[in-house]
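Here's a quick tour of the strands and helices in this one. Have the viewer open while you read.

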Amino acid sequence: MFEQLYRQRVELIKIIESHTGNDGTQMTSIPSLYFSRYSKETGPNYGVHKPSLCIVVQGMKEVFLSHELFRYGPAEYLVASVNLPITGQVTEASSEVPYLALKLEFTPNEILEVLREFQMGVDKKENAKRGMYVSKIDQSLLDAVTRLARLLDTPKDIKVLAPLIMKEIIYRVLQGEHGGMLKQIAIEGSSTHQISDVIKHIMSNYEKSLKIEELADIANMSVSSLHRHFKEVTAMSPIQYQKQLRLQEARSLLLSESSDAADVSFRVGYESPSQFSREYSRMFGLPPKEDIKLLREQYEQRIKA
């Protein structure tokens, strides 16, 4: 078994290397499949982790969800079942042995289709669980992922075979030791599904004032139940979730535009620029102006290299 896992990993390494040139994350011709390559360790990267399966085939990565750490390498895979604001960084990479990984995004409807087709039972009353987990990878899952990646070398087969292999991959993940966490997100009426509706609302209205009672109505829960289940799924409160979205969007705007920090703070929903600056510094380690200057300098250095 270990020999087969090793052969599959070596093949994936070759496929990812052949389809990536520069460092970074790149789309492939297979919808929802992305490859990542980094030739050195990275600093913290902030973003919203979409529902997906992530596999590292070479190197190591760390992901922080609030203060909770998820570390994984070639022996494990990471799954996110809902949109989660995270901090991630590559912790093991070099020019000789670059970090190589793949990400396969999926939707609740795709999960539900697999559950129905294979008649996989789900308990709607099961308590909400964390929307992210790391699990040991097995041969059957890695084999399916390898066959999907292999389609990049036969593009004419992608349209027909990719959806079938994608379905198999979801099935394998659902059959895994933590698969129950993923099942819950697709089942209407489960507490995890209800929390996912709240997450969608916050993401669409992050710049507006949150009304906890309104969120509780969306989830069809009491305010106390909403707080409990939301924190169980996301490791943070609704207010903390919204704050991370606001600050990440503010950083993106400041980096892509020549905007004033005070103006951006109002655009993402802050009423006080001084409060925005304090919370920005707490999250990213520097005040907005200094942080953006450093990010641009680092980007220019990468371009020159």
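Start with S36, which stands opposite A101 in β9. This is a predicted model, and that residue pair belongs to the antiparallel pairing of β2 and β9, which runs over 6 bridges. On the β4 side, β4 and β9 also pair in the antiparallel sense over 6 bridges, and there I55 stands opposite L102 in β9. β9 itself is mostly covered, with 6 of its 7 residues buried.

Zoom out and you get an open sheet of 6 strands in the order β1-β2-β9-β4-β7-β10, with antiparallel pairing. The edge positions go to β1 (24-27) and β10 (132-136); each has a single partner strand, so one side of each is left without a neighbour in the sheet. Ignoring direction, neighbouring strands here are turned by 20 degrees against each other on average. Towards the β10 edge, strand β7 (residues 76-80) pairs with β10 in the antiparallel sense over 5 bridges, and V79 stands opposite Y133 in β10.

What lies across this sheet? Helix α1 lies across β1, β2, β4 and β9, running at about 90 degrees to β9. The helix covers residues 2-19, so to speak, with 18 residues reaching 26 Å from first C-alpha to last, close to the 26 Å expected at 1.5 Å a residue. Its buried residues are L5, Q8, L12, I13, I15 and I16. The cover over them includes β2 (33-38), β4 (52-58) and β9 (99-105), and also α3 (139-150).

There is also an open sheet of 4 strands, ordered β3-β8-β5-β6 and again with antiparallel pairing. Here β3 (45-49) and β6 (68-72) stand at the edges with a single partner strand each, so one side of each is left without a neighbour in the sheet. Neighbouring strands of this sheet are turned by 30 degrees against each other on average, direction ignored. At the β3 edge, 5 bridges join β3 to strand β8 (residues 84-92), and the two run antiparallel. In that pairing, G47 stands opposite I86 in β8.

Here are the strand pairings mentioned so far, side by side:

| Strand pair | Bridges and sense |
|---|---|
| β2 and β9 | 6 bridges, antiparallel |
| β4 and β9 | 6 bridges, antiparallel |
| β7 and β10 | 5 bridges, antiparallel |
| β3 and β8 | 5 bridges, antiparallel |

Now for a helix pair. Two packed helices are described by the angle between their axes and the distance between the axes. Helix α2 (residues 108-117) and helix α5 (residues 179-186) pack at an angle of about 110 degrees, with their axes 8 Å apart. That makes α2 roughly perpendicular to α5, since angles from 65 to 115 degrees count that way. On the α2 side, P108, I111, L112 and L115 make the contact, meeting L182, K183, I185 and A186 in α5. By type, the residues of this contact divide into 7 nonpolar, no polar and 1 charged.

One last stop: Q194, in helix α6 (residues 191-204). Is Q194 buried or exposed? Q194 counts as buried, because its relative accessibility is 17% and the cut-off for buried is under 20%. Leaving out residues up to four places away in sequence, Q194 touches G189, A219, N220 and M221.

Notes:
Residues are numbered from 1 along each chain as its sequence is written. This is a predicted model: local features need pLDDT of at least 70, side-chain atom pairs count only at pLDDT 80 or more; totals for chains, interfaces and linings use all residues. Side-chain values use heavy atoms; hydrogens and water are left out. The expected span of a helix is 1.5 Å times one less than its number of residues. Buried means under 20% relative accessible area, exposed over 50%, partly exposed in between (1.4 Å probe, protein chains only). Contact means heavy atoms within 4.5 Å. Axes are lines fitted to C-alpha atoms, for helices over the stretch in contact, and angles run from 0 to 180 degrees between N-to-C directions. Angles under 35 degrees count as roughly parallel, over 145 as roughly antiparallel, 65 to 115 as roughly perpendicular and the rest as oblique. Ala, Val, Leu, Ile, Met, Phe, Trp, Tyr, Cys and Pro count as nonpolar, Asp, Glu, Lys and Arg as charged, and the others, Gly among them, as polar. Two strands pair if DSSP finds at least two bridges between them.
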